[in-house]
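Here are some short exercises to work through with the structure open beside you. Try each task before you read its solution.

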Amino acid sequence: MARETVIDGGSGPGEDPERDLRPKRIDEMVGQQQVIARLRIAIDAARERGDALGHVLLDGPPGLGKTTFATCIPREMDVGLQMTSGAILKAPRDLVPYLTNADEHSVLFIDEIHRIPKIVEEYLYTAMEDFRVDIILGEGINARTHNLWIKPFTLIGATTRSGMLSGPLRDRFLIREHLGFYSESELTEIVLRTASQLKVEILEHAADEIARRSRGTPRIANNRLRWVRDYAQTKADGIVTQDVTNAALAMLGIDVTGMDPLDRDYLKTIIHVFEGGPVGIEALAHTMNTSKDTLEDEVEPFLLRNGFVVRSPRGRMATAKTYEHLQLPAPESELADGDEQRSLFG
Ligand code: ADP
C-alpha cells in the first residue's frame with residue numbers, strides 16, 4: 001500500500017532542508033484547525049467507502065503548509081504519492097507518466113498548478129472527471145488516438161494564485177481550502193517544535209520573539225529559528241535567549257514587525273519614487289529590479305494584511321501606518337481615503 005514518496009525535480013535525500021521538519025501526520029500539524037476538521041471528515045468518509053479522496057485544491061501564500069498537507073493526506077489515506085510542479089508540465093506528454101503510473105486511490109500532487117499551460121489543463125479534465133486519458137500511438141499517418149482508462153486517483157493542486165485558475169479546472173476540485181496566516185501562539189508552538197527537532201536550546205520568550213517576527217508563516221519562522229541558532233552557536237553559548245534573538249534578527253535587518261529589507265524597499269519605493277502611490281505592480285517590480293511574482297507572493301500578502309499598503313483599482317498605496325512605521329513625515333494629502341474605502345469593500 002503506502003509507497004515511497006516519488007519526488008520529481010531532483011530533490012534527492014538530504015537536499016530538501018524542510019523535509020525532516022515537516023509534520024508527518026495531520027495530527028502533528030499546528031493551526032489550520034477548520035481546514036483539518038473538514039479534511040478529516042472527507043478522508044474518513046472516503047476510507048470507509050473504499051473510494052479515492054475527492055480532488056483537493058489548496059491555496060494560500062508560500063510557506064503556510066500546502067506541501068505539508070499534500071504529503072500528510074496520502075499517509076492518512078495509506079496510499080502512495082507522486083509529486084510534480086506546474087512549472088515543468090509543459091505538454092500533456094509530461095503529465096501522462098504520472099497519470100498512467102498512479103496506483104489505485106493514490107495522490108498526485110501538482111505544486112504551482114496555476115502555471116500549467118491551457119493544453120495540459122484541458123488534458124487533466126477527463127483524467128480528473130472520468131479517469132480516462134487519450135494517448136497517441138504511432139507516428140504520422142499511422143498515428144492513432146487511444147482511450148486509456150487510468151486508476152481512480154486524487155489530484156492535490158497547490159497554488160498561491162487561485163484567481164489564475166480557470167473556472168472549469170477549479171470546479172473539478174471537490175475540496176477547496178484556503179490556508180490563512182498563523183497566529184503568534186501557533187507560530188510559537190511551531191518554533192518550539194522545530195527547536196526540539198533540531199536539538200536547539202531555546203527560551204520561551206525567544207520563541208515568542210521569533211514567532212512575532214515571522215509574518216504569520218511557518219516556513220519563515222523555521223528559517224529565522226535556524227539563523228538565530230547559528231548566531232547563538234557562534235556569537236554566544238548556543239542557548240537561544242531573547243537578547244540573542246534580537247541581535248541575530250537585527251543583523252538580518254528584520255524589524256519588530258517581521259519586515260525584512262525587501263519589504264521596506266517595497267514600501268520606500270512606493271513612497272519615494274511614486275509619491276505614496278497609487279502605483280501598478282509592474283512599475284514597482286521594474287523599479288525595484290525584482291520579479292512581479294516575488295512581490296505578489298512573498299511581499300504583498302503580509303503588508304496588505306497588516307495595513308502597510310492598500311490596493312485600489314488604481315494601484316498600490318502607502319498608508320499612514322507605513323509612514324509612521326518607517327518614521328517618515330506623512331504627506332499633507334488625505335492619503336487616499338477614498339481608495340482605502342474602496343479597497344475595504346472590493
Ligand atoms: P507551502 O507548500 O505552502 O509553501 P510547506 O508545506 O512547504 O508550505 O511548509 C513550509 C514549512 O513550514 C514546512 O517545512 C513545515 O516544517 C512548516 N509548516 C507548515 N505548516 C505547518 C503546520 N501546520 N504545522 C507545523 N509546521 C508547519
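**Exercise 1.** Find how far an oxygen atom of the ligand is from the side chain of Arg22, then look for other polar partners of the ligand.

*Solution.* Start with Arg22: an N or O atom of its side chain sits 2.7 Å from a ligand oxygen, and a polar contact here is a pair of N or O atoms within 3.5 Å. Next, go to Val30, where a polar backbone atom is 2.8 Å from a nitrogen of the ligand. Then check Lys66, whose side chain places a polar atom 2.8 Å from a ligand oxygen. Finally, see how covered the ligand is: on its own it exposes 560 Å², and the protein buries 97% of that (areas by the Shrake-Rupley method with a 1.4 Å probe).

Before going on, a word on the model: it is predicted, local features need pLDDT of at least 70, side-chain atom pairs count only at pLDDT 80 or more, and totals for chains, interfaces and linings use all residues. Residues are numbered from 1 along each chain as its sequence is written, and side-chain values use heavy atoms, with hydrogens and water left out.

**Exercise 2.** Describe the shell around the ligand: which residues come nearest, and which helices each supply at least two residues?

*Solution.* First, the shell holds 18 residues (each with a heavy atom within 4 Å of the ligand), and Arg22, Val30, Gly63, Thr67 and Thr68 come nearest. Second, sort the shell by type: nine are nonpolar, five polar and four charged (Ala, Val, Leu, Ile, Met, Phe, Trp, Tyr, Cys and Pro are nonpolar; Asp, Glu, Lys and Arg charged; the others, Gly among them, polar). Third, the helices: α2 (66-77) and α8 (218-235) each give at least two residues (helices are DSSP runs of H or I with at least four residues, numbered from the N terminus).

**Exercise 3.** Work out why the ligand lies between two domains.

*Solution.* Begin with the division of the chain: domain 1 (26-178), domain 2 (184-252) and domain 3 (261-345), with bounds from an automatic or database domain assignment. Now look at the shell: domain 1 and domain 2 both give residues to it, so the ligand lies between them.

**Exercise 4.** Decide whether Arg226 is buried or exposed.

*Solution.* Locate Arg226 in helix α8. Its relative accessibility is 17%, so Arg226 counts as buried (under 20% is buried, over 50% exposed, partly exposed in between, with a 1.4 Å probe and protein chains only). To finish, follow its side chain to that of Asn223, with which it makes a polar contact at 3.1 Å.

Definitions and conventions:
A polar contact is a pair of N or O atoms within 3.5 Å; within protein, one must be able to donate a hydrogen and the other to accept it, and residues adjacent in sequence count only if both atoms are side-chain atoms.
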